[in-house]
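The following exercises concern helix packing, sheet topology and backbone conformation. Please work through each task with the sequence and coordinates at hand before reading its solution.

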Amino acid sequence: MASFTSGKVHVVGGGLAGAALATRMAEDGAEVVLYDEGEPFESRWTRGMQTAPENHKTAEPEIFYDPEGLVADYFAGFPEIPKKLIRPAHCVIGLKRGRRKPAVISLDHGIARALVARRLGFVARAYTALGLSRQRFASEESRVDNVLSSGDFDSDEQANQPGTYHRDALAVLAETLFSIPAHRCSRALLARVLVPKISALFSKSHEPVFSAIDPIILNDIALPTLRERFVAAGGTVMARTKLGDIDSTSEFATDLLFNDDIQVVLKPGDAVVLALHPRPLCDAVPDIGIPPAPARRQTVAFEMRRPFAEPSCLLVSDDLVRAIYCHRRHVQVSLNSSFHMPTDGTTDQIVARVWQRCLWLCNQYLNVDLKARSRNADGIDHPKFSFIDAEAPFPEFTPGHAALRDRLRLPWKNLFLCGESFPIGYAPGPAAIFASVKQVRHQLQHYLRG
């Protein structure tokens with residue numbers, strides 16, 4: 001148990017980041033109060049794959065990229081949470097370039113290693129490795145080439161361009177890792193995720209770098225366990241308290257103003273942690289200067305008759321489908337960010353088109369026959385589905401945001417930020433959440449010891 005000389009920790013935001021940090025800090029011996037405009041310790045964590053409002057078992061969260069195993073490491077500290085909450089996952093990227101043979105790249109041992117390994121010869125591999133590493137230091141205004149194919153076949157001129165598979169891979173990964181169109185993604189930001197260290201390109205690690213989380217265990221076991229541990233450690237839960245404003249002096253935040261005229265006066269030595277989505281964060285701290293663009297996610301989840309033995313993911317260069325996630329009894333399809341569902345009542349026709357595309361893609365790249373696993377209703381060309389159109393929990397940042405995060409200076413000494421938006425070198429997502437929790441926990445321990 002740590003020995004702290006300062007006051008309370010006020011954590012605003014009870015999503016996964018805030019709940020995970022608050023639980024750890026309470027067990028460290030700090031006095032922690034957790035505020036949330038809804039109910040803390042309720043899962044709002046998916047990556048554009050928001051679970052259906054009426055039934056969280058309908059749609060599954062996606063498989064995610066976590067080469068350091070940060071998510072599994074956090075939950076490993078709670079023996080009462082089943083280990084199968086986080087499972088290794090198989091991931092493939094499929095690229096189609098005109099009439100050339102499709103490139104199928106397995107990403108189990110790392111994205112950068114896969115891109116390097118597919119080049120023939122030592123010289124080509126060394127050139128690719130050098131190019132990936134140099135991109136880490138590129139200008140933030142340098143964007144990933146947007147060369148996604150517009151259909152099943154490109155012109156012969158496009159198909160014969162040298163290195164198009166490699167450029168397509170970067171564009172697809174920009175879409176799937178950052179959930180934004182490739183042409184808006186910074187080369188340097190993507191490279192920092194692809195190549196954490198140059199040695200990683202040549203390491204012989206055989207640990208899978210993609211994982212899958214079971215949302216049923218997360219919602220029904222993991223988060224209630226965190227709540228019980230938080231309360232048992234002396235933590236205080238303040239539900240239905242929406243942050244409105246923060247009063248301050250030039251150096252310190254002094255008061256937290258919530259709805260219903262609730263005012264929390266901060267004592268000297270108290271710390272404030274904002275674990276908020278960037279939009280409410282910018283409302284609470286207007287001078288923070290990280291304006292995210294609104295991002296929406298369109299997802300179609302098809303119900304399967306037979307479950308998948310192991311979770312798998314297909315990232316694909318396609319004008320309609322961005323990624324396919326096979327997990328438990330559902331195939332969850334993330335639509336391309338440039339595609340928009342019609343509002344004229346033809347949704348069923350689009351869904352049928354999506355399903356036919358998934359059948360071909362999974363057969364081509366994963367060797368999976370979805371027809372054998374599906375149960376189509378009479379007279380319908382696709383299985384039962386759920387269409388989800390919701391604001392993404394992970395924000396779409398404006399160009400150059402990575403550079404801004406490098407220069408970010410918080411306005412007050414007792415203010416800390418926690419969540420997927422802030423760790424440098426991580427794509428917005430689950431790994432970034434727990435990297436941030438780990439980082440802020442150490443900062444708070446240092447601050448509270450005075």
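**Exercise 1. Determine how helix 1 and helix 13 pack, and which residues make the contact.**

Step 1, geometry. The axes of helix 1 and helix 13 lie 10 Å apart, and the two helices pack at an angle of about 40°. Axes are lines fitted to C-alpha atoms, for helices over the stretch in contact, and angles run from 0 to 180 degrees between N-to-C directions. Helices (H or I, at least four residues) and strands (E, at least two) are DSSP runs, numbered from the N terminus.

Step 2, orientation class. Angles under 35 degrees count as roughly parallel, over 145 as roughly antiparallel, 65 to 115 as roughly perpendicular and the rest as oblique. Helix 1 and helix 13 are therefore oblique to each other.

Step 3, handedness. Helix 1 and helix 13 form a right-handed crossing. A crossing is right-handed if the near helix is turned clockwise from the far one by less than a right angle, and left-handed if anticlockwise.

Step 4, residues. Helix 1 contributes L16, A17, A20, L21, R24 and M25, while helix 13 contributes I433, F434, V437, V440, R441, L444 and L448. Contact means heavy atoms within 4.5 Å. By class, this set holds 11 nonpolar, no polar and two charged residues. Ala, Val, Leu, Ile, Met, Phe, Trp, Tyr, Cys and Pro count as nonpolar, Asp, Glu, Lys and Arg as charged, and the others, Gly among them, as polar.

The basis of these values should be kept in mind. This is a predicted model, in which local features need pLDDT of at least 70 and side-chain atom pairs count only at pLDDT 80 or more, whereas totals for chains, interfaces and linings use all residues. Residues are numbered from 1 along each chain as its sequence is written, and side-chain values use heavy atoms, with hydrogens and water left out.

**Exercise 2. Describe the crossing of helix 1 with helix 8.**

Step 1. The axes of helix 1 and helix 8 (residues 215–232) come within 9 Å and cross at roughly 35°. The crossing is left-handed.

Step 2. From helix 1, L16, A22, T23, A26 and E27 meet L223, L226, R229 and F230 of helix 8. This contact comprises six nonpolar, one polar and two charged residues.

**Exercise 3. Establish the strand order of the five-stranded sheet and locate the helices that pack on it.**

Step 1. The sheet is open, its order is 8-2-1-12-20, and its pairing is parallel. Strand 8 (236–238) and strand 20 (415–417) are the edge strands, each pairing on one side only. From one strand to the next, the twist averages 20°. Two strands pair if DSSP finds at least two bridges between them.

Step 2. Strand 1 (residues 9–12) is joined to strand 2 (residues 32–35) by four bridges, with L34 as the partner of V11. Four bridges also link strand 1 to strand 12, where H10 is partnered by V272. Strand 12 and strand 20 pair over three bridges, and L274 stands opposite L417.

Step 3. In strand 12, A271 and V273 point one way and V272 and L274 the other; all are buried (under 20% relative accessible area, with exposed over 50% and partly exposed in between; 1.4 Å probe, protein chains only).

Step 4. Helix 1 (residues 16–27) lies across strand 1, strand 2 and strand 12 (271–274), at about 165° to strand 2. Helix 13 (residues 430–448) touches strand 1, strand 12 and strand 20, and its direction makes about 165° with that of strand 20.

Step 5. G15 occupies the loop between strand 1 and helix 1. With 18% relative accessibility, G15 counts as buried. The C-alpha atoms of G15 and H277 are 9.5 Å apart, although 262 residues separate them in sequence.

**Exercise 4. Which loops hold R240 and N367, and what phi does each have?**

Step 1. Most residues other than glycine have a negative phi.

Step 2. R240 has a positive phi of about 55° and is found in the loop between strand 8 and strand 9 (243–248). R240 is exposed, at a relative accessible area of 54%.

Step 3. N367 has a positive phi near 55° and lies in the loop between helix 10 (347–366) and helix 11 (370–373). Its relative accessibility is 66%, so N367 counts as exposed.
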